[in-house]
Amino acid sequence: MSTITPTQPITPPQGPAAPAFADVYRMDVDEFEHIADLLKAERVELIDGFIVERGTMDPSHVLSSEKTRRQLDRLLPDGWFVREDKPVQVHRTYEPFPDLAVVQGDPDTYENRHPAPADVAIVVEISDSTLTKDRGEKQVNYARGGISVYWIVNLIDRQVEVYTGPSSDSYSSCIIFKPGQSVPVVIDGVEVGQIAVAEILPRIAPAAGRNGP
């Protein structure tokens, strides 16, 4: 049995603090991809038009990501696959690298572009020190871009939070699944199986604050 969190208004985050210059320039995804390619940058993403460095992953984060990917891989129907730590073009000024994204097609489908929300069934973020960001800024932007299903694998509270019903500033529903429960995997509106929460969490909760943003 799952737990539905009370519906509460979520105040959209203001985004990263702008540098203290007279003029600030925000990029779109085309400009970001061009510059990132020139710099050969591997640990940056575009957040609200700003280039933001991504943090490193601690072992519990990596373990949970790998376990979640394996569980998803065994359930996905033909025509869908999992991208790990790769760009998703959510909207014009937001191109994050989610930990996992279930996308349609095959790798060759994205030879000349990154997946857009219409290509994505589920986005998954593995959260420890990034929990506030993943529930706030990322949740708002994934909803705004039209990502239909967003999972937070919450390592601190040892639960999986499933957000659905995207709108312009939030999701209308959040269902929390705890160890002993299973998360339904919904692809294009159809449940294709379930994943036990205990199967994708590390055995011990990590200390908050260890993983980078």
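# Strand pairing and aromatic contacts

In E5, Ala101 is the bridge partner of Arg83. The model is predicted. This briefing covers strand E4 and its partner, an aromatic pair, and the E8–E9 hairpin.

**Strands E4 and E5**

- E4 spans residues 80-84, and E5 spans residues 100-104.
- The two strands, E4 and E5, run antiparallel and pair over five bridges.
- Most of E4 is covered, with four of its five residues buried.
- Phe81 sits in E4. Its relative accessibility is 17%, under the 20% cut-off, so Phe81 counts as buried.

**The Phe81–Tyr110 pair**

- The aromatic pairs number six. One of them joins Phe81 and Tyr110: the ring centres are 6.3 Å apart and the planes meet at 45°, so the pair is tilted.
- That angle falls between the limits of 30 degrees for stacked and 60 for edge-to-face.
- The contact links distant parts of the chain, as Phe81 and Tyr110 are 29 residues apart.
- Tyr110 belongs to the loop between E5 and E6, and strand E6 covers residues 120-127.
- Tyr110 has a relative accessible area of 7%, so this residue is buried.
- Arg83 also meets this ring: Arg83 lies over the face of Tyr110, 5.6 Å from the ring centre.
- Tyr110 thus has two partners described here, Phe81 through the ring pair and Arg83 over its face.

**The aromatic cluster**

- Five tyrosines form one aromatic cluster: Tyr94, Tyr142, Tyr150, Tyr163 and Tyr171.
- Tyr163 falls within the E8 range, residues 159-166, and Tyr171 falls within the E9 range, residues 171-177.

**The E8–E9 hairpin**

- E8 and E9 pair in the antiparallel sense, with six bridges between them.
- Four residues separate the two strands, E8 and E9, in this hairpin.
- Glu161 has Ile176, in E9, as its bridge partner.

**Ser170 in the connecting loop**

- Ser170 is located in the loop between E8 and E9.
- With a relative accessible area of 10%, Ser170 is buried.
- The side chains of Ser170 and Gln139 make a polar contact at 3.1 Å.

Conventions. Residues are numbered from 1 along each chain as its sequence is written. This is a predicted model: local features need pLDDT of at least 70, side-chain atom pairs count only at pLDDT 80 or more; totals for chains, interfaces and linings use all residues. Side-chain values use heavy atoms; hydrogens and water are left out. Two strands pair if DSSP finds at least two bridges between them. Rings of Phe, Tyr and Trp (its six-membered ring) pair if their centres lie within 6.5 Å; planes under 30 degrees apart count as stacked, over 60 as edge-to-face and the rest as tilted. Buried means under 20% relative accessible area, exposed over 50%, partly exposed in between (1.4 Å probe, protein chains only). A charge sits over a ring if NZ of Lys or CZ of Arg is within 6 Å of the ring centre and within 35 degrees of the ring normal. A polar contact is a pair of N or O atoms within 3.5 Å; within protein, one must be able to donate a hydrogen and the other to accept it, and residues adjacent in sequence count only if both atoms are side-chain atoms.
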